[in-house]
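Please open the structure in the viewer and keep the selection tool at hand. The tour proceeds by selections, each followed by a description of what is found there.

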Amino acid sequence: GFRTMRSFVILALLGLSVILQMSLLPALRPFGVVPNLVLVVVVLISLYAATSEVLLGAIVSGFVLDLANGTNFGLWMGILMLIALVVGLMHRAGMELHGALAAAGLIVIGTLVMTTVIWLSLLVNVATVVPFSLVRSLATELVLNLLLMMMLRHFVRWALVGRRAGQESGG
């Protein structure tokens, strides 16, 4: 029924975002930074879907991205799983998470955590890291991720929640 269709939509959204994250976004590299589309999509999906559905998609997406990345293995999977679990706990605690502010906050936190881990690995492996360029790239990535969130939020909500009325009345 509806739950099966929603699971398919979740996997399709995540699959498309993983493909774009690995192919198009690194080629475009707006302002010299690759935005984190998969992080944005996982946050948005987690706002409107069951934790178990999001967790499965986060694990698979993260694993594929970790395999493609080759460095910091487990980073993608860990961060995406953490987002799915934290949002699930926030839902259980009764927090209202359907607004843009909640999505923006989660994206900022996810971006900061992921970037901090990457920076720490750079500091260990590369001695010549310019702090200002790192801060500038973090700020640029935050802005790009938040712009992606604003562009995709209504579509993801429609794909996961808005279609329900048509599904239930149709049959």
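Helices in this tour are DSSP runs of at least four residues, numbered from the N terminus. The model shown is a predicted one.

**The largest pocket**

Begin by selecting Arg29, Val34, Trp76, Ile118 and Glu141, which lie nearest the centre of the largest pocket. The full lining of this pocket comprises 27 residues. Helices that contribute two or more residues to that lining are H1 (2-22), H4 (51-69), H5 (75-92), H6 (100-125) and H7 (131-162). Which helix should be coloured as the contributor of the largest share? Helix H6 supplies that share, with 7 residues. The space in the largest pocket amounts to about 760 Å³. When the lining is coloured by class, 15 residues appear as nonpolar, 10 as polar and 2 as charged.

**The loop between H2 and H3**

Next, select Arg29, which lies in the loop between H2 and H3. Its phi angle is near 45 degrees, a positive value in a residue other than glycine. Arginine 29 has a relative accessibility of 44% and therefore counts as partly exposed, since that class lies between the limits of 20% and 50%.

Move to Phe31, which is also in the loop between H2 and H3. Phenylalanine 31 has a phi near 55 degrees, again positive in a residue other than glycine. Is Phe31 buried or exposed? At 72% relative accessibility, phenylalanine 31 is classed as exposed.

Then select Val34, placed in the loop between H2 and H3. Valine 34 is partly exposed, its relative accessible area being 21%. Add Ser137 to the selection and display the distance between the two C-alpha atoms: the separation is 9.4 Å, although valine 34 and serine 137 are 103 residues apart along the chain.

**The second largest pocket**

Clear the selection and turn to the second largest pocket, which holds about 240 Å³ of space. Of its 15 lining residues, select Leu16, Leu20, Leu37, Val41 and Leu152, the closest to the pocket centre. Two or more lining residues come from each of H1, H2 (24-28), H3 (37-48) and H7. Helix H1 gives the most, with 6 residues. How do the lining residues divide by class? There are 14 nonpolar residues and 1 polar residue, with no charged residue in the lining of the second largest pocket.

**The salt bridge**

Now select Arg6 and Glu53 with side chains shown. This pair forms a salt bridge, in which the closest N and O atoms are 3.2 Å apart. The count for the model comes to 1 salt bridge. Arginine 6 belongs to helix H1 and glutamate 53 to helix H4, so the contact ties together parts 47 residues apart in sequence. Arginine 6 counts as buried, with 9% relative accessibility, and glutamate 53 is likewise buried, at 8%. Both assignments rest on the cut-off for burial, which is under 20% relative accessible area.

**The nonpolar surface patch**

Finally, switch to a surface display and select Met22, Leu56, Ile59, Val60 and Val64. Together these residues make a nonpolar surface patch of about 390 Å². The greatest contribution to this patch, 4 residues, comes from H4. Val64 is found in helix H4. Valine 64 has a relative accessible area of 33% and is therefore partly exposed; residues enter a patch with over 30% relative accessible area.

Note on methods:
Residues are numbered from 1 along each chain as its sequence is written. This is a predicted model: local features need pLDDT of at least 70, side-chain atom pairs count only at pLDDT 80 or more; totals for chains, interfaces and linings use all residues. Side-chain values use heavy atoms; hydrogens and water are left out. On a 1 Å grid over the protein atoms alone, a cavity is a set of points where a 1.4 Å probe fits but cannot get out, and a pocket is an open set with protein on both sides within 12 Å along at least five of seven lines; lining residues have an atom within 4 Å of a point. Grid points are joined across faces, edges and corners, and a volume is the space filled by probe spheres set on the points. Ala, Val, Leu, Ile, Met, Phe, Trp, Tyr, Cys and Pro count as nonpolar, Asp, Glu, Lys and Arg as charged, and the others, Gly among them, as polar. Patches are made of residues with over 30% relative accessible area and no salt bridge: like charges are joined within 9 Å, nonpolar side chains (Val, Leu, Ile, Met, Phe, Trp, Tyr) within 5 Å. Accessible areas come from the Shrake-Rupley method with a 1.4 Å probe; for residues, only the protein chains shown count as cover. A salt bridge is a side-chain nitrogen of Lys or Arg within 4 Å of a carboxyl oxygen of Asp or Glu. Buried means under 20% relative accessible area, exposed over 50%, partly exposed in between (1.4 Å probe, protein chains only).
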